[in-house]
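Good morning, and thank you for coming. I would ask you to look at the sequence and the structure as they appear, and to keep both in view while I speak.

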Amino acid sequence: MGFFRGPNIILDGLILYADPANIKSNEGGINMADLMGNYSDQTFTSTEMTIEGDPKIITSTGDGGNFRFLRTAGNIDWATTEWSVSAWGLRDTSTANESRMWDLMNVGNGHLRLTLDSVPDLNFRPTAGSSNNLVSGGISQTGNWYNIVITKSGTESGGDADYVMYNNGYSVASNTSAALVTDVNFNYIIIMRSPDDDQGNTVSWDGDFGPFAVYNRVLTAGEVKQNYDGLKTRFGLDIK
């Protein structure tokens, strides 16, 4: 398939890439379509969102607005697959329920969610089970842009997996967890709003959102930094 013009980001292993600044992703409206063509997207409560700026960003008021991605070629087994997820966001409030960047979700209410809280956190909560903190670290403050990347290595669903968190291009935390990230592979990905149930009607992202990427492999520290460097000036970061 033909690709798209954009920043110098890593393409190897990239299976989902959505960017509100790319016309092929925003489709001329308030949208976040997958440029890779592997996921279909569904928009919820678009009246709560705006797309603006140059380059463009998506803004949610915190009372709605999110995108749900469904894999068109079948679900990924997130327990036995090595992966990396990258999200760009700016939160307006300090409320944890309004700072959830992305969430892998099961119809049965299982979650694997990243929260851009004062200390960013990746948490897994199986259906009808207790929460497991997989990795957390670094800082975030309201009104500032952050690129949070999570990598997961380890392919045995019955064994430990290693998680690394990057904040604006640098590793800030790592952890080995035996928590089994299962839940029937998760049915879809929600970004900007990670609700407490799969209906998408409880808690919301409050702030701005930029490019979102998923890889089916572990990015190296150098690759994470390359992706960050390719986009940082768009968000006013590291400008000398």
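I begin with a single residue, Asn-147, whose relative accessibility is 1%, so Asn-147 counts as buried, the cut-off being under 20%. Please bear in mind throughout that this is a predicted model.

Where does Asn-147 lie? The residue belongs to strand E11. Its surroundings can be listed: leaving aside residues up to four places away in sequence, Asn-147 touches Ser-86, Ala-87, Trp-88, Tyr-166, Asn-167, Asn-168 and Tyr-228. With one of these, Ser-86, there is also a polar contact between the side chains, at 3.0 Å.

Let us now consider the strand as a whole. Strand E11 covers residues 145-153, and eight of its nine residues are buried, so that the strand is mostly covered. Which strands pair with E11? One of them is strand E6, residues 83-91, which pairs with E11 in the antiparallel sense over eight bridges. Within this pairing, Ser-86 stands opposite Val-149 of E11. Another is strand E12, residues 161-167, and here too the sense is antiparallel, over six bridges. In this second pairing, Ile-148 stands opposite Asn-167 of E12. You will recall both Ser-86 and Asn-167 from the list of residues that Asn-147 touches. As a general remark for those new to strands, the side chains of a regular strand alternate between the two faces of the sheet.

I turn next to the aromatic residues. How many aromatic pairs does a search of the whole structure find? The search finds eight. One of these pairs is formed by Trp-78 and Trp-83, in an edge-to-face arrangement with 5.8 Å from centre to centre and 75 degrees between the planes. Trp-78 has a relative accessible area of 5% and is therefore buried. Trp-83, at 1% relative accessibility, counts as buried as well. A stacked pair is formed by Trp-88 and Tyr-228, with centres 5.7 Å apart and 5 degrees between the planes. Why is this pair of interest for the fold of the chain? Trp-88 lies in strand E6 and Tyr-228 in helix H2, so the pair ties together parts that are 140 residues apart in sequence. Are these two residues buried or exposed? Both Trp-88 and Tyr-228 are buried. Both also appear among the residues that Asn-147 touches. Elsewhere, ring pairs link Trp-78, Trp-83, Trp-102 and Tyr-163 into a cluster.

My next topic is charge. The structure holds six salt bridges, and I shall describe three of them, beginning with Arg-217. This residue forms a salt bridge with Asp-12, and the closest N and O atoms are 3.3 Å apart. Arg-217 lies in the loop between strand E15 (206-215) and helix H2 (221-231), while Asp-12 lies in the segment before strand E1 (14-18); the pair therefore ties together parts that are 205 residues apart in sequence. The two partners may be set side by side: Arg-217 has 18% relative accessibility and counts as buried, whereas Asp-12 has 52% and counts as exposed.

Arg-217 has a further partner in Glu-223, and in that salt bridge the closest N and O atoms are 2.8 Å apart. Arg-217 and Glu-223 are both buried.

The third example is between Asp-229 and Lys-225, where the closest N and O atoms are 3.0 Å apart. Both residues lie in helix H2, and they are four residues apart, which is about one turn of the helix. Asp-229 has 31% relative accessibility and so counts as partly exposed. To return to the earlier examples, salt bridges with shared partners join Asp-12, Arg-217 and Glu-223 into one network.

Finally, let us step back to the chain as a whole. How many helices and strands are there? The chain has two helices and 15 strands. It comprises 240 residues, of which 52% count as buried. Of the contacts between residues at least 6 apart in sequence, 62% join residues at least 24 apart. The chain exposes about 9600 Å², and carbon and sulfur atoms supply 46% of that area.

To close, I would return to Asn-147 in strand E11, buried at 1% relative accessibility and joined by its side chain to that of Ser-86. Thank you for your attention.

How values were computed: Residues are numbered from 1 along each chain as its sequence is written. This is a predicted model: local features need pLDDT of at least 70, side-chain atom pairs count only at pLDDT 80 or more; totals for chains, interfaces and linings use all residues. Side-chain values use heavy atoms; hydrogens and water are left out. Buried means under 20% relative accessible area, exposed over 50%, partly exposed in between (1.4 Å probe, protein chains only). Two strands pair if DSSP finds at least two bridges between them. A salt bridge is a side-chain nitrogen of Lys or Arg within 4 Å of a carboxyl oxygen of Asp or Glu. Contact means heavy atoms within 4.5 Å. Accessible areas come from the Shrake-Rupley method with a 1.4 Å probe; for residues, only the protein chains shown count as cover. A polar contact is a pair of N or O atoms within 3.5 Å; within protein, one must be able to donate a hydrogen and the other to accept it, and residues adjacent in sequence count only if both atoms are side-chain atoms. Rings of Phe, Tyr and Trp (its six-membered ring) pair if their centres lie within 6.5 Å; planes under 30 degrees apart count as stacked, over 60 as edge-to-face and the rest as tilted.
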